[in-house]
Amino acid sequence: MMLILMFVGLSVALIALGSQAYRSITKTAEENAQKRTSVGYVVNRVHAFDAKGAVRVEEVELEGQLTDVLTLAEWIDGECYETRLFCADGSLREQFTHAQTPLETAYDGEKIVELAEFEVEIAGSMIQVTFTHPDGATDTVHVALRSGGEGQK
Amino acid sequence: MKQRFSSHTTLIELAAALLCFLLASVTVLGLFSKAYTISRNGRLLNRATIFAQDCAEVVAGAADLEEALQQLGYEPVEDGVWRYRPDAELMVLLRLNTEQTEVGSLVSGKISVMREEEVLLEMETARYNNKEVIHS
């Protein structure tokens with residue numbers, strides 16, 4: 001009887017230890033994926049839209065907070081459309097709309113990935129983007145505008 | 001005699017069960033330790049990729065490369081070699097090579113992100129110093 005009890009006790013301890021390790025591993029993997037997604041998404045978006053005067057940074061008031069919005073413009077059938085990347089309501093969001101349509105609420109954009117903060121600065125042909133992830137870690141990346149055109153602030 | 005034999009048998013069974021359990025525990029913990037190492041390496045590789053990409057973008061697009069690298073915390077190690085140590089975990093090593101081509105001065109760079117002596121990731125990048133030539 002004692003042997004069985006001991007076996008059960010130790011097995012439970014081992015399962016608890018294993019599930020804790022599993023939780024920690026999957027959490028790390030998920031955080032890695034989120035970080036890679038947010039950074040890679042923004043960098044590739046800028047590269048895709050890299051044209052003279054097409055990339056600019058704006059500050060827009062959303063839900064009472066000034067928010068950095070990375071705006072990427074393109075011309076379709078003679079009309080100017082914009083892809084706007086910004087962080088609101090704990091997520092990196094993207095809005096694709098006509099250039100005349102203002103960004104008014106956080107829910108105007110499609111949720112891309114969870115993100116705490118998103119700061120963008122443009123200096124000449126170099127864009128500096130700082131991501132603050134939900135776990136508090138930050139990543140700062142630079143994106144070079146290869147079009148020869150300068151970004152606008 | 002029979003009681004002593006029975007007592008010995010129980011003791012042997014107990015020892016065997018404990019040994020089996022210990023072996024199983026060591027195997028399971030070993031597997032989790034391996035999984036943890038893989039997860040940690042994934043995190044390091046993730047960070048290494050971000051640092052290498054960032055360095056490549058700076059080399060490709062900074063107006064004044066040396067000034068930009070210094071502002072980011074890179075320090076010159078020797079001629080054409082720059083080092084950046086964001087924290088105790090990782091180190092970025094950038095080796096630049098300048099050559100004259102038909103379209104101007106081409107600066108190519110090899111980026112290595114290392115953890116101690118181990119190279120986690122290597123990447124190549126390039127910039128033309130005379131951009132007017134390229135865009136004309």
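Analyst: Before we look at single residues in this predicted model, one definition is needed: a residue is buried when its relative accessible area is under 20%, exposed when that area is over 50%, and partly exposed in between.

User: Why is B:E75 called partly exposed?

Analyst: The relative accessibility of B:E75 is 40%, and since partly exposed covers the range between under 20% and over 50%, B:E75 counts as partly exposed.

User: What makes B:R83 and B:E75 a salt bridge?

Analyst: A salt bridge requires a side-chain nitrogen of Lys or Arg within 4 Å of a carboxyl oxygen of Asp or Glu. For the side chains of B:R83 and B:E75 the N to O distance is 2.9 Å, so the pair satisfies that cut-off. B:R83, with a relative accessible area of 28%, is partly exposed.

User: How do you know that B:K110 and B:E122 meet in a salt bridge, and which parts does the pair tie together?

Analyst: Their N to O distance is 3.9 Å, which is to be set against the limit of within 4 Å, so the pair counts as a salt bridge. Because B:K110 lies in strand β4 of chain B and B:E122 in strand β5 of chain B, the pair ties together parts that are 12 residues apart in sequence. B:K110 is partly exposed at 34% relative accessibility, and B:E122 is partly exposed with a relative accessible area of 46%.

User: How many salt bridges does a search of the whole structure find, and which residues are linked in a network?

Analyst: The search finds 14 salt bridges over all chains, and in chain A a network of salt bridges links A:R56, A:E58, A:E82 and A:R84. Between chain B and chain A the count is 1, and the side chains of A:R146 and B:E57 meet in a salt bridge with an N to O distance of 3.1 Å.

User: How much area do chain B and chain A bury between them, and how many residues does the contact take?

Analyst: The two chains bury about 2300 Å² between them, 69% of it on carbon and sulfur atoms, and the contact takes 24 residues from chain B and 29 residues from chain A.

User: Why is A:E63 called exposed, and where is this residue found?

Analyst: A:E63 has a relative accessibility of 55%, and because exposed begins at over 50%, A:E63 counts as exposed. A:E63 is found in the loop between β1 (55-62) and β2 (65-76) of chain A, where, not counting residues up to four places away in sequence, A:E63 touches A:T105 and A:A106.

User: What makes β1 and β5 of chain B edge strands?

Analyst: The sheet of chain B is open, with 5 strands in the order β1-β2-β3-β4-β5 and antiparallel pairing. β1 (75-78) and β5 each have a single partner strand, so one side of each is left without a neighbour in the sheet, and this places them at the edges. The twist in this sheet averages 25° from one strand to the next.

User: How do you know that β1(B) and β2(B) pair?

Analyst: Pairing calls for at least two bridges between the strands, and β1(B) and β2(B) are joined in the antiparallel sense over 3 bridges, so they pass the requirement. In this pair, B:E78 stands opposite B:V81 in β2(B).

User: Which strands form the open sheet of chain A, and what packs on this sheet?

Analyst: In chain A, 3 strands form an open sheet in the order β6-β7-β8, with antiparallel pairing. Here β6 (117-123) and β8 (138-144) stand at the edges, because each has a single partner strand, and the twist averages 15° from one strand to the next. Helix α1 (residues 2-49) of chain A packs on the sheet and touches β6, β7 and β8, with a direction that makes about 15° with that of β8(A).

User: How many residues are in the largest nonpolar core, and which parts of chain B supply them?

Analyst: The largest nonpolar core has 25 residues, and among those with the most contacts inside it are B:V92 and B:I111. At least two residues of this core come from each of α1 (2-61), α2 (65-71), β2 (81-84), β3 (91-101), β4 (104-115) and β5 (118-128) of chain B, and α1(B) gives the most, with 8 residues. Leaving aside its neighbours within four places in sequence, B:V92 is in contact with several residues, including B:F51, B:Y74, B:W82 and B:I111.

Technical notes:
Residues are numbered from 1 along each chain as its sequence is written. Chains are lettered from A and ligands numbered from 1 in the order in which they are written. This is a predicted model: local features need pLDDT of at least 70, side-chain atom pairs count only at pLDDT 80 or more; totals for chains, interfaces and linings use all residues. Side-chain values use heavy atoms; hydrogens and water are left out. Helices (H or I, at least four residues) and strands (E, at least two) are DSSP runs, numbered from the N terminus. Axes are lines fitted to C-alpha atoms, for helices over the stretch in contact, and angles run from 0 to 180 degrees between N-to-C directions. Contact means heavy atoms within 4.5 Å. A nonpolar core is a set of buried Ala, Val, Leu, Ile, Met, Phe, Trp, Tyr and Cys residues joined through side-chain atoms within 4.5 Å. Buried means under 20% relative accessible area, exposed over 50%, partly exposed in between (1.4 Å probe, protein chains only). Buried area is the accessible area (1.4 Å probe) that two parts lose on being put together, summed over both.
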